[in-house]
Structures are given as structure tokens and as C-alpha cells.
Amino acid sequence: MKFFIKSISKNSGRLGQLRIKDSKELETPLLLQTTKGGSIPYLSADVFGMVTQEQQVLQLTLCTMDQMAESLAQWNRSLGAYVGYPEYNTLLLLRDPCEATPTGGNDRDVVPLFTRRGKESLTVERYLQLVSSFAPDVYQGLCDADTNPESTKKRVQKSVDRTERFMEHCYKQHRELDRLKDSTLLAPIVGGYNTYARTQSIKHAREQPKGSYGGYIFEGFHTNGLPATSLSPSQLLPIVEHCLQQLEEELPRLMPGPFTPVLMLELIRLGVDVFDTSYAYCAAVNYKALTFSYTIDKKEHSAFLDVTDEAIKEEFKPMLEGCKCLACQKHTRAYVHHLYKTNELLGPILLMIHNLHHYMGFFDVIRQSIAMDQLPSLLDYVRRQNMPNDVNYCIEPNTKVVGKAAMGKGFITAAN
């Protein structure tokens, strides 16, 4: 994996180009396509091809795909081809950023992997065996990321110490495993909300020989899922800025998780390069169509359209007027509301089509704003719009349930 910086702005972050193996150059800030079980939630490859025809990077998760390891070990083509996207590069994470990861289960030499079949305790040897079976283009090193804003200093220090032990083994084995010789390792930076612990984690990574890893991934700020949508910017941003000041500029920085649009813009301004679409998914499964405006010369909108709202049952207009996505071009608010009321699977399909289209358009505008050094203006514009919980864009869980299969989230019936 190669990363090139095109420009750096004091006020707007940085633009770059990322090349994974022999793929074409991808512009950063980059949006990864979050998957579940190797598939983009609710969408087939053909349908996703109607959302975008541009080159994408799939963000795969071991906790939703571990059962595929045995067959993948016999697979002699790319991981992208195995999941139906042969032209896409792949990045393998341990945890699913779309769902809250249970806490606990950590021990001195193991990290818990929460799968559909239950919890598995992963040693570093077992983790690398699984990753070797997958042979992804990029993967994260094993880490103890079970920390959040409420974690104690003792718990944070344990996460750093365990991660250092895990990574000593990862750095060594990464160079020796044949199926990983063409893969890129990401160094995890952990340490919760403790600047000293984060510095220790960064120092350990930077002490490794040059070429041991190809980028950084920030872990341990949240436990994924909806809790990540309500993080406090005033608490998170100083820690991230402290970390970025200690990292070399020539390596990409990744932050997985469903960060709100405002918080994501703040992180981009600080210098984070790669994010994912888990926020678009979390909005969809909580009955929300993203409607915030990111074009400054157009009128402002509310953050979401709540498709459970009875007020839209006779609104025969798109979820977002002017949107060019397939869902908005062919269907109305009233129809999507009807799909919610009848618990039809087409409902989440249309929401995912719209939310992904909207979020990818948002990132196009972000890159344009950085190029013109106007990211602060975009940030102020997005922040001014009518957001739940003000600047946080927090996705409030909807308590309505439709049918037994709704599992407390309505449209979530077939997400996995």
C-alpha cells in the first residue's frame, strides 16, 4: 500500500492518494464501504452497482466472517472476488463498527471475538491464522480496544500493554506468513482517552523497523455502534490531535466507526484520512434517511427524515428533493413510510441506497472543500442545520418494533 500527500492545509486537513496493490489511486479523505458477512448491508452487488460505479474499498469484519476461514484457506483468488466484488480491494477489521461490541472477556493473552455463534477467545496465533486464511489486501494488527470514555486509568494501561505484546508477534509473523506477504499491516493506536497511554502506544509502533506496517488505525475511543454516534467532540478531538502530532505525515490514518458528520469533519480537519459508511447503516436501521445539506449555496435541511413519522404518510415526494439516487428518483416518502408500517424488506434497501449515495456525495464535497481550503466553511454550514442533540447528529434509537423479527430495530430483520 502506498500513500501520497497532495496538499496539507492548516485549516482544512489534507488531501492524499492511496494505492492498494495494483488498484487505481484512491482520493483521500476516503470512505470505506462497510460490510456484514462480506456483503454491503441489504444490497446485492448488482444493486450497489446502481449506487456507484467508482472504485471502492470493502471494509470486512472478522466477527461476521470467521466461519468462512476454512473455505477461504483453499481459495486462490482475491478476497474481493470471494465476496462478489472482484475489482474491489479489501480491508479486514476485527470488530463490526456497525454494532456495539460487548465489553469484557479480555485476558492477558487473548482478545474476545463476538460472532453469531458466541464468543471465541483469540490468541495472537489464532488471529494471524484466521487473517492468513482471508489474505486481505490490508488488515489491522490485533489489539485490546475494549475502552471508552468511562474506562479507568488501570483498564486503559492494560489495553496498551496487551496490545504491545500482541503486536510484537504480529510484526514478526507478518513478514513470515506466505499468504500475507502481499498484505499491508495497520498498526493499532490504543490508550482510551489518556494522552500518556496513547503516546506510549505510538512510541511502540514507531520503534519498529521501517516498513513493518503501512498505516495507523485508531482504536479504543468507543465500542462501536450507536454509542459512537454520541461521542463528545470536546473530549475526543484533543486526544486525536495529540496523537496526530506525534505521527509521521507519510502514512495514512484510519478511524473506523459511525462518527457523526460534524465530528467526522472535525477529524478530517485534524488530519485523519480514512473513515467508513457505518454511520449511513446505523441511520438506515434506525429508520432514518440522511437529508442534511452539504452544498453551501443550497438551502439547509434537517439532519434526517424519520420514515416512521405519521406526518409523511401522504407526502408524495422524494425522501430528499433534488437527490439523484435510485430510491429518490423512483419512490416517495409515503411509500417508504408504508414499507416501514408493513415491515417490508424493500424499506431498508431503499434507505441504504439513499444513505450511501448521500454519504458518498458528502465525501466528494469534502475533498473539493479541502482543495479550496474551505473545509471550515463546510463544517459551520453543516453544524448550523437542525440536528438532534445539536452538533452531534446523534442517531436516537427508535423504540418502535414491527413484528417479532424486528429485534428492536424494525428494518434490521435481514441486515445480517
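Q: How many bridges join strand 2 to strand 3?
A: This is a predicted model, so we're reading computed geometry here. Strand 2 covers residues 13-19, and it runs antiparallel to strand 3. One of the pairings puts Gln 17 opposite Glu 27 in strand 3. The number of bridges joining the two strands is three.

Q: Which strands are the edge strands of the open sheet with the order 1-2-3?
A: Strands of a sheet pair through backbone hydrogen bonds, either parallel or antiparallel. In this open sheet of three strands, the pairing is antiparallel. An edge strand pairs on one side only, and that fits strand 1 (2-9) and strand 3 (26-28).

Q: What is the average twist from one strand to the next in the open sheet of three strands?
A: Keep the order 1-2-3 in mind and step along the sheet. Going from one strand to the next, the twist averages 20 degrees.

Q: Which helix lies across strand 2 and strand 3?
A: Look for a helix running at about 120 degrees to strand 2. This helix spans residues 346-371 and also gives the largest nonpolar core its largest share, 13 residues. It's helix 13.

Q: Which residues touch the most other members of the largest nonpolar core?
A: Nonpolar side chains tend to be buried together in soluble globular proteins. Here the largest nonpolar core has 113 residues, and it draws at least three from each of domain 1 (2-284) and domain 2 (287-384). The ones that touch the most other members are Leu 43, Leu 267 and Phe 362.

Q: Which residues does Phe 362 touch, not counting those up to four places away in sequence?
A: Phe 362 is a good one to zoom in on, being among the residues that touch the most other members of the largest nonpolar core. Skip residues up to four places away in sequence, and what Phe 362 touches is Pro 261, Leu 265, Phe 292, Tyr 294, Leu 378 and Val 382.

Q: Is Ser 201 buried or exposed?
A: Ser 201 is found in helix 7. Leaving aside neighbours within four places in sequence, Ser 201 is in contact with Val 160, Pro 188, Ile 189 and Val 190. The cut-off for buried is under 20% relative accessible area. Ser 201 has just 6%, so it counts as buried.

Q: Which residue has its backbone nitrogen 2.9 Å from a polar atom of the side chain of Asn 194?
A: Asn 194 sits in the loop between strand 10 (184-189) and helix 7 (195-206). Beyond its neighbours within four places in sequence, Asn 194 is in contact with Lys 153 and Val 156. The backbone nitrogen at 2.9 Å belongs to Ala 197.

Key: Residues are numbered from 1 along each chain as its sequence is written. This is a predicted model: local features need pLDDT of at least 70, side-chain atom pairs count only at pLDDT 80 or more; totals for chains, interfaces and linings use all residues. Side-chain values use heavy atoms; hydrogens and water are left out. Helices (H or I, at least four residues) and strands (E, at least two) are DSSP runs, numbered from the N terminus. A polar contact is a pair of N or O atoms within 3.5 Å; within protein, one must be able to donate a hydrogen and the other to accept it, and residues adjacent in sequence count only if both atoms are side-chain atoms. Contact means heavy atoms within 4.5 Å. A nonpolar core is a set of buried Ala, Val, Leu, Ile, Met, Phe, Trp, Tyr and Cys residues joined through side-chain atoms within 4.5 Å. Buried means under 20% relative accessible area, exposed over 50%, partly exposed in between (1.4 Å probe, protein chains only). Domain bounds come from an automatic or database domain assignment. Two strands pair if DSSP finds at least two bridges between them. Axes are lines fitted to C-alpha atoms, for helices over the stretch in contact, and angles run from 0 to 180 degrees between N-to-C directions.
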